[in-house]
Structures are given as C-alpha cells and as structure tokens.
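Subject: Structure handover

Hello,

Here is the structure you are taking over. My notes on what turned up in it follow below.

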Amino acid sequence: MKLVLAVIQDADASALIRVLSQNAFEVTKLASTGGFLREGNTTLMIGVDDDRLADLKRHVQQTCRARTRLVASSLPAGEQAEAVASDPVEVPVGGAVMFVMQVAEFVKV
Amino acid sequence: MKLVLAVIQDADASALIRVLSQNAFEVTKLASTGGFLREGNTTLMIGVDDDRLADLKRHVQQTCRARTRLVASSLPAGEQAEAVASDPVEVPVGGAVMFVMQVAEFVKV
Amino acid sequence: MKLVLAVIQDADASALIRVLSQNAFEVTKLASTGGFLREGNTTLMIGVDDDRLADLKRHVQQTCRARTRLVASSLPAGEQAEAVASDPVEVPVGGAVMFVMQVAEFVKV
Ligand code: NI
Ligand code: NI
Ligand code: NI
C-alpha cells in the first residue's frame with residue numbers, strides 16, 4: 001500500500017475529490033497554503049493499493065494538468081490603453097505534485 | 001521510529017489526544033475534512049518509537065472503535081408518523097484508519 | 001528524494017518559510033495545533049533531494065533553534081510585589097522536530 005500526499009490548486013480540489021470518490025479512492029483533505037504552486041493550494045492524503053496507483057495518477061493528471069486560462073486583463077486603470085482594455089490574457093492554472101510513500105502498516109479500526 | 005497518520009472522527013479527537021498525551025505520546029493535530037469516515041474528521045500526526053507502536057494502536061482502538069449510538073430520529077416533519085416520532089435510531093460512530101510509515105531520520109532542534 | 005514533515009512554532013513560521021523559499025526549497029504549510037511544542041505550532045511539508053537535506057536541516061536549526069526570550073513578568077496583579085513588577089523573565093521559545101521520510105515516487109503534473 002502507498003500513501004500519496006498530493007498538493008493541488010484550490011480551484012481543482014472539488015473536481016478531483018469528486019472524481020476520486022466516484023472511483024472509490026479514499027481521500028482526506030488537509031488545509032494548506034503557500035509553497036508548491038504558490039498561494040491557494042490544497043493537500044490531499046490518499047491511501048491506495050499498489051495496483052491502483054497508476055489509475056490514481058491518471059485521474060490527478062487529467063483533472064489538474066497544467067494549462068492556461070483566458071482572463072480579462074487587469075492592468076491598473078491608469079496604464080490601461082483603451083485599445084487593449086478588454087484583451088484577455090492567458091494565465092497558467094492547474095499543476096500538481098504527488099509524493100508517493102510506502103506504507104509499512106495500515107490499520108483500520 | 002515510525003510516523004503514524006491517523007484519521008479519526010472529530011467527536012473522538014479530544015478524548016484520544018488526552019489519552020495519548022497522558023501516555024507520553026507526542027501528537028500534532030492537522031485540520032482535515034471529508035474522505036475517510038466522511039465529513040468531520042481529524043488527522044493526527046504521531047511520531048512513535050517502534051517498541052511503543054502496539055500500545056499506540058491499542059489506545060486508538062479503545063478510544064475510536066466503530067460503534068453505534070442511539071439518537072433521536074430526525075425524519076422530515078411531513079414523513080414523521082406520530083407513533084415513531086420519538087423512537088431513537090442507531091447511528092454508526094467512531095472508526096479510524098492509521099497509516100504507519102518508516103521514519104528515515106528524526107531530528108530534534 | 002525525501003519528504004520532510006517539520007513541526008515548528010507559529011512564531012518561527014514566516015521567517016523559516018522566507019529563508020527556505022529564498023534557498024529554492026518548495027514548502028507547503030499545513031495548519032496544525034497542539035502536540036509537539038504544545039499549542040501554536042505549524043507543520044511544514046517539504047520535498048527535498050537527498051543532496052540538499054543537510055542544507056535544509058541547517059536552515060531549520062538556525063531559524064528555529066530552542067532559545068529563551070526575556071518577557072515582562074505577568075504575575076497576577078494581587079501577587080505582584082512592587083519590587084519585582086517590571087523584572088523580565090526568561091521564557092523558552094523555538095524548537096522544532098523533523099520527520100524525514102523516503103519518497104518512493106515523486107510525480108509532477
Ligand atoms: Ni479510474
Ligand atoms: Ni498506554
Ligand atoms: Ni542554504
């Protein structure tokens with residue numbers, strides 16, 4: 001058995017928890033801030049049998065893959081030329097890191 | 001040395017932290033939600049020497065064992081027949097999971 | 001690669017996170033309470049390559065070393081003799097524990 005500590009973006013947390021629960025993974029959410037992926041991240045703790053680790057990784061990759069999103073540009077009003085005021089800009093979102101550790105013993109009470 | 005990550009119910013947390021502290025275990029409480037045992041759980045991080053692991057597990061089992069509790073039934077008012085309105089129902093409480101991991105190195109500053 | 005779970009005092013957290021970030025360590029802060037070092041502590045999760053573990057430990061030791069601080073004495077007003085009212089007292093601060101664990105696999109999405 002492995003214990004996976006996954007650090008993901010807050011914005012991806014509810015989607016990932018939903019898809020993992022639908023696939024019968026047991027997920028515990030730990031509050032976290034800062035560090036990996038900067039502000040606004042969530043740490044998930046997931047116990048997983050070795051033969052399901054690849055499937056877990058695939059779900060995290062599909063849900064949290066690094067990608068860009070178009071958002072309205074937010075230049076300070078003074079610097080914002082009329083011509084570019086509504087031009088959207090691409091910002092990076094998503095991304096995840098996973099630490100996979102061997103579980104010496106798993107106990108269920 | 002081992003590091004134990006224990007996920008228990010919020011309702012059992014203060015009793016378990018008290019009994020572990022009385023038995024000279026060092027416990028750190030991490031905020032957590034959802035997942036194992038559904039909503040309202042607490043994750044404890046406990047460093048333990050190998051020769052005390054069995055005692056730690058015994059304390060968790062005694063304090064957090066899965067059990068039932070009688071609670072007043074809470075059917076929606078419309079569906080609640082007069083005859084059963086005050087019949088208590090058994091709900092499951094307690095339970096815990098523990099991930100035990102090998103500590104490669106322990107440092108105290 | 002190693003995963004380090006470091007439990008430090010809240011009072012040392014922002015200084016340590018700053019120095020670790022300046023030294024290119026990736027730090028995730030988990031909320032925590034009680035246990036090691038009593039109330040008011042913070043748990044940091046840090047992934048680190050084996051060849052940088054010694055440097056990480058040195059930074060934690062320098063920033064969080066156990067030390068004393070002089071604080072104004074805070075005897076209850078009734079018991080506070082005029083002569084000692086402003087005598088500062090030494091209180092212990094700082095200290096840290098680090099659990100270092102082997103990472104079986106590290107995944108970056
Ligand atoms: Ni699947
Ligand atoms: Ni005992
Ligand atoms: Ni350095």
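I start with a ring: Phe106(C) is partly exposed, with a relative accessible area of 33%. Please keep in mind throughout that this is a predicted model.

Aromatic pairs

Over all chains, the structure holds 3 aromatic pairs. In one of them, the ring centres of Phe99(A) and Phe106(C) are 5.3 Å apart and the planes stand at 40 degrees, so the pair is tilted. This pair joins two chains, because Phe99(A) belongs to strand 6 (residues 96-102) of chain A and Phe106(C) to strand 7 (residues 105-108) of chain C. Phe99(A) is buried, at a relative accessible area of 0%, whereas Phe106(C) is partly exposed at 33%.

Another pair is made by Phe106(B) and Phe99(C): their ring centres are 5.3 Å apart and their planes are at 40 degrees, so this pair is tilted. It also runs between chains, from Phe106(B) in strand 7 (residues 105-108) of chain B to Phe99(C) in strand 6 (residues 96-102) of chain C. As for accessibility, Phe106(B) is partly exposed, with a relative accessible area of 33%. Phe99(C) has a relative accessibility of 0%; buried means under 20%, so Phe99(C) counts as buried.

Charges over rings

Two arginines have a phenylalanine ring beneath them in the sense used here. In chain B, the charged end of Arg52(B) sits over the ring of Phe25(B), at 3.9 Å from the ring centre. In chain C, Arg52(C) lies over the face of Phe25(C), and the distance to the ring centre is 3.9 Å.

Nickel sites

Which residues coordinate the nickel ion (ligand 1)? The donors are Asn23(A) through OD1, Asp55(A) through OD and His59(A) through NE2, at 2.1 to 2.7 Å. Along the sequence, these donor residues follow the spacing N-x31-D-x3-H. Asp55(A) and His59(A) are 4 residues apart in helix 2 of chain A, so about one helical turn separates them. Both Asp55(A) and His59(A) are buried.

For the nickel ion (ligand 3), the donors are Asn23(C) (OD1), Asp55(C) (OD) and His59(C) (NE2), at 2.1 to 2.6 Å. The spacing of the donor residues of ligand 3 in sequence is N-x31-D-x3-H. Asp55(C) and His59(C) both lie in helix 2 (residues 53-64) of chain C, with 4 residues, or about one turn of the helix, between their positions. His59(C) has a relative accessible area of 12%; the limit for buried is under 20%, so His59(C) is buried.

Helix packing

In chain A, helix 1 (residues 10-22) packs against helix 2 (residues 53-64) at an angle of about 145 degrees, and the axes are 10 Å apart. The crossing of these two helices of chain A is right-handed. On the helix 1 side, the residues in contact are Asp12(A), Ala15(A), Leu16(A), Val19(A) and Leu20(A). Facing them from helix 2 are Leu56(A), His59(A), Val60(A), Thr63(A) and Cys64(A). His59(A) thus appears in this helix contact and as a donor to the nickel ion (ligand 1).

In chain C, helix 1 (residues 10-22) and helix 2 pack at an angle of about 145 degrees, with 10 Å between their axes. Helix 1 of chain C passes helix 2 of chain C in a right-handed crossing. Asp12(C), Ala15(C), Leu16(C), Val19(C) and Leu20(C) of helix 1 make this contact with Leu56(C), His59(C), Val60(C), Thr63(C) and Cys64(C) of helix 2. His59(C) is likewise listed in the helix contact and among the donors to the nickel ion (ligand 3).

Arg69(C)

Arg69(C) lies in strand 4 (residues 67-72) of chain C. With a relative accessibility of 47%, Arg69(C) counts as partly exposed. Leaving aside residues up to four places away in sequence, Arg69(C) touches Val89(C), Glu90(C), Val91(C) and Val93(C). The C-alpha atoms of Arg69(C) and Pro92(C) are 6.4 Å apart, while the two residues are 23 residues apart along the chain.

Chain A overall

Chain A has 2 helices and 7 strands, in the order β-α-β-β-α-β-β-β-β from the N terminus. Of its 109 residues, 43% are buried. Among contacts in chain A with a separation of 6 or more, 72% are between residues 24 or more positions apart.

Regards

Note on methods. Residues are numbered from 1 along each chain as its sequence is written. Chains are lettered from A and ligands numbered from 1 in the order in which they are written. This is a predicted model: local features need pLDDT of at least 70, side-chain atom pairs count only at pLDDT 80 or more; totals for chains, interfaces and linings use all residues. Side-chain values use heavy atoms; hydrogens and water are left out. Donors are N, O and S atoms within 2.8 Å of the metal (3.2 Å for Na, K and Ca); water is not among the atoms, so sites may look incomplete. Buried means under 20% relative accessible area, exposed over 50%, partly exposed in between (1.4 Å probe, protein chains only). Rings of Phe, Tyr and Trp (its six-membered ring) pair if their centres lie within 6.5 Å; planes under 30 degrees apart count as stacked, over 60 as edge-to-face and the rest as tilted. A charge sits over a ring if NZ of Lys or CZ of Arg is within 6 Å of the ring centre and within 35 degrees of the ring normal. Axes are lines fitted to C-alpha atoms, for helices over the stretch in contact, and angles run from 0 to 180 degrees between N-to-C directions. A crossing is left-handed if the near helix is turned anticlockwise from the far one by less than a right angle, and right-handed if clockwise. Contact means heavy atoms within 4.5 Å.
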